[in-house]
Amino acid sequence: MDTHQKAELLNDLISRARRAGADAADAVFAEFRSLSAHQRLGRPEAVERSEGGDLGLRVMVGRRQAVVSSTDLSAPALEELVERCIGMARAVPEDPWAGLADPDQVAGELAQIDSVDPVEPAPDDLVRRAAEAEEAAMAVAGVTNSEGGEADWSLSRYLLAASNGFFGEFSQSSHGVSAVVLAGDGQDRERDYEFSAATHLADLADPAEVGRRAGERAVRRLNPRRPASAAVPVVYDPRVSSSLVRHLASAINGTAVARRTSFLQDALGRQIFAPGITITDDPHRQRGLASRPFDGEGLATCRRNLVEDGHLRSWVLDLASARQLGLESTGNASRSSGGTPHPGVTNLHLAAGSVGPDELMADIEDGLYVTELMGSSVNMVTGDYSRGAGGFWIENGRIAWPVSDVTVAGNLLEMFARLVPANDLEFRTSVNAPTLRIDGMTVAGPGG
């Protein structure tokens with residue numbers, strides 16, 4: 001079906017729901033195509049293609065709402081979907097915050113975003129990229145085994161229509177390449193990886209470079225030690241520094257704030273980072289991996305500084321959480337075909353600082369440089385933070401020797417206040433941050 005036919009399908013479904021007793025309704029159609037190739041130890045293991053799509057209907061009966069989704073688009077199936085959704089809505093408790101956007105709230109003219117590469121790669125192209133990544137990784141001296149090289153491509157399309165008059169669609173493509181290898185022998189083996197992801201093939205890293213970095217990372221981790229427990233500066237590599245930004249996003253999510261289950265629930269307007277720190281959610285970033293012109297409720301999206309000069313300036317809100325807090329939605333509703341809207345970020349990043357990574361740790365006599373985080377014990381109610389980690393020990397301002405099986409611990413509120421960014425920000429995923437330094441964290445070695 002083309003866009004016009006899909007729009008007619010969604011509007012027909014909404015009309016059916018209104019005739020069946022819904023006071024309001026919206027409908028989502030999501031479809032995707034994907035292709036991937038995997039190679040291990042020089043042999044192609046799999047070339048896989050998948051296609052799919054499903055439709056979701058949300059109805060409002062008074063302040064009661066229900067959602068039903070289906071992959072069957074036949075007329076009888078859609079009729080049954082409407083009946084089932086109406087029946088479910090009449091049976092559930094009222095939600096005083098549920099409801100569609102008012103007609104004057106929905107997006108008008110949509111932002112133009114470059115998020116689709118029009119060229120679909122051939123399977124042979126992906127096989128070649130996967131092979132180049134693995135072969136380059138295995139060529140690094142010290143690499144002894146491989147979990148494989150992989151290349152993938154996908155294209156997704158999202159359409160939303162609602163009884164308040166909104167209709168919008170957007171598409172997103174993605175190219176990826178990765179390699180995972182092992183170095184060493186017997187029990188003294190270490191594993192590491194590298195990857196690249198981009199909306200457009202032209203922005204994807206060279207597969208051989210991705211593989212080489214994976215191999216070098218694995219070799220560098222050989223013969224790790226475990227330091228004694230101490231309170232020291234911890235430096236987060238960009239591969240893991242974005243996790244701290246994700247913790248912030250969880251803490252300022254409107255649902256958590258409205259339920260008062262966030263350690264930042266009373267922090268709006270307060271300084272929680274050092275002066276100069278800026279954290280931005282940018283749904284309009286060209287070729288961004290999570291860019292979108294409208295949110296899951298049909299509201300226009302916009303670039304927004306969530307943290308500005310260290311001060312928390314905004315929650316991340318959908319309509320329901322905004323109503324509960326007596327505020328306006330920030331246009332951050334996310335929505336799948338099978339669920340109700342909920343708040344979520346798009347392209348989120350912490351702005352780069354003014355010094356390079358080497359200068360950032362030049363005065364550290366003893367510290368930890370983290371390249372891997374394992375498990376998660378982060379209490380979003382209190383901010384208490386404890387995670388397994390691996391990386392390298394810092395001595396006299398320089399990376400000295402590999403470290404494994406340690407724990408880094410602190411409290412996110414204190415960690416945010418002490419955080420210092422380097423100037424090496426790169427946009428590699430939908431959430432990005434440069435190298436980050438946090439002083440005064442607890443690193444627990446053997447025996448805690």
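Let's start at an opening in the protein: the lining of its largest pocket is made up of 13 charged, nine nonpolar and five polar residues. Keep in mind as you look around that this is a predicted model. The space in that largest pocket comes to about 630 Å³. There are 27 lining residues, and the ones closest to the pocket's centre are Arg217, Asp237, Pro238, Arg239 and Arg428. Which elements give two or more residues to this lining? They are strand E6 (188-198), helix H4 (207-220), helix H5, strand E14 (366-378) and strand E18 (431-432).

Helix H5 deserves a closer look. It covers residues 238-251, which makes 14 residues. From the first C-alpha of H5 to the last you travel 21 Å, close to the 20 Å you'd expect at 1.5 Å a residue. Is H5 mostly enclosed or mostly open to the outside? Of its 14 residues, 11 are buried, so H5 is largely enclosed by the rest of the structure. If you'd like to find them on the model, the buried ones include Arg239, Val240, Leu244, His247 and Ala251. There's also a run of three serines in the buried set, Ser241, Ser242 and Ser243.

Now look at how H5 begins. Asp237 caps the N-terminal end of this helix. One of the side-chain oxygens of Asp237 sits 2.9 Å from the backbone nitrogen of Arg239. You've met both of these residues already: Asp237 and Arg239 are among those closest to the centre of the largest pocket. Step back along the chain and you reach Tyr236, which is found in strand E7 (residues 230-236). Tyr236 has a relative accessibility of 0%, so it counts as buried. Measuring from C-alpha to C-alpha, Tyr236 is 17 Å from Ile279, and the two are 43 residues apart in sequence.

Time to zoom out. The protein has nine helices and 19 strands. Its radius of gyration is 24 Å, close to the 22 Å that the globule rule gives for 448 residues, so the protein is as compact as a globular protein of that length. If you draw a box around the C-alpha atoms along the principal axes, the box is roughly 70 × 55 × 40 Å. How much of the protein is buried? Buried residues account for 50% of the 448.

For a sense of scale inside that box, pick out Ile364 and Leu159. Their C-alpha atoms are 52 Å apart, and along the chain 205 residues separate them. Ile364 sits in the loop between helix H8 (357-360) and strand E14. Is this loop residue buried or exposed? Its relative accessibility is just 2%, so Ile364 counts as buried.

Another buried residue is Asp26, in strand E1 (residues 24-40). Its relative accessible area is 2%, and buried means under 20%, so Asp26 qualifies. What does the side chain of Asp26 contact? One polar contact goes to the side chain of Arg58, at 2.8 Å. Another goes to the side chain of Arg335, at 3.2 Å.

Follow the chain past strand E1 and you come to Leu41, in the loop between E1 and strand E2 (43-61). Leu41 has a positive phi of about 50°, although it is not a glycine. With a relative accessible area of 43%, Leu41 is partly exposed. Arg287 also has a positive phi, near 60°, and it too is a residue other than glycine. You'll find Arg287 in the loop between strand E8 (279-281) and strand E9 (304-308). Its relative accessible area is 33%, so Arg287 is partly exposed.

Finally, let's go from the pocket to a closed space. How many cavities of 30 Å³ or more does the count give? The answer is one. About 40 Å³ of space lies in the largest cavity. Among the residues that line this cavity are Asp281, Pro283, Thr301, Cys302 and Arg304. By class, the cavity lining has five polar, two nonpolar and two charged residues. Set that beside the lining of the largest pocket, where we began, with its 13 charged residues.

How values were computed. Residues are numbered from 1 along each chain as its sequence is written. This is a predicted model: local features need pLDDT of at least 70, side-chain atom pairs count only at pLDDT 80 or more; totals for chains, interfaces and linings use all residues. Side-chain values use heavy atoms; hydrogens and water are left out. Helices (H or I, at least four residues) and strands (E, at least two) are DSSP runs, numbered from the N terminus. The expected span of a helix is 1.5 Å times one less than its number of residues. Buried means under 20% relative accessible area, exposed over 50%, partly exposed in between (1.4 Å probe, protein chains only). A polar contact is a pair of N or O atoms within 3.5 Å; within protein, one must be able to donate a hydrogen and the other to accept it, and residues adjacent in sequence count only if both atoms are side-chain atoms. On a 1 Å grid over the protein atoms alone, a cavity is a set of points where a 1.4 Å probe fits but cannot get out, and a pocket is an open set with protein on both sides within 12 Å along at least five of seven lines; lining residues have an atom within 4 Å of a point. Grid points are joined across faces, edges and corners, and a volume is the space filled by probe spheres set on the points. Ala, Val, Leu, Ile, Met, Phe, Trp, Tyr, Cys and Pro count as nonpolar, Asp, Glu, Lys and Arg as charged, and the others, Gly among them, as polar. The radius of gyration is taken over C-alpha atoms; the globule rule is 2.2 Å times the number of residues to the power 0.38.
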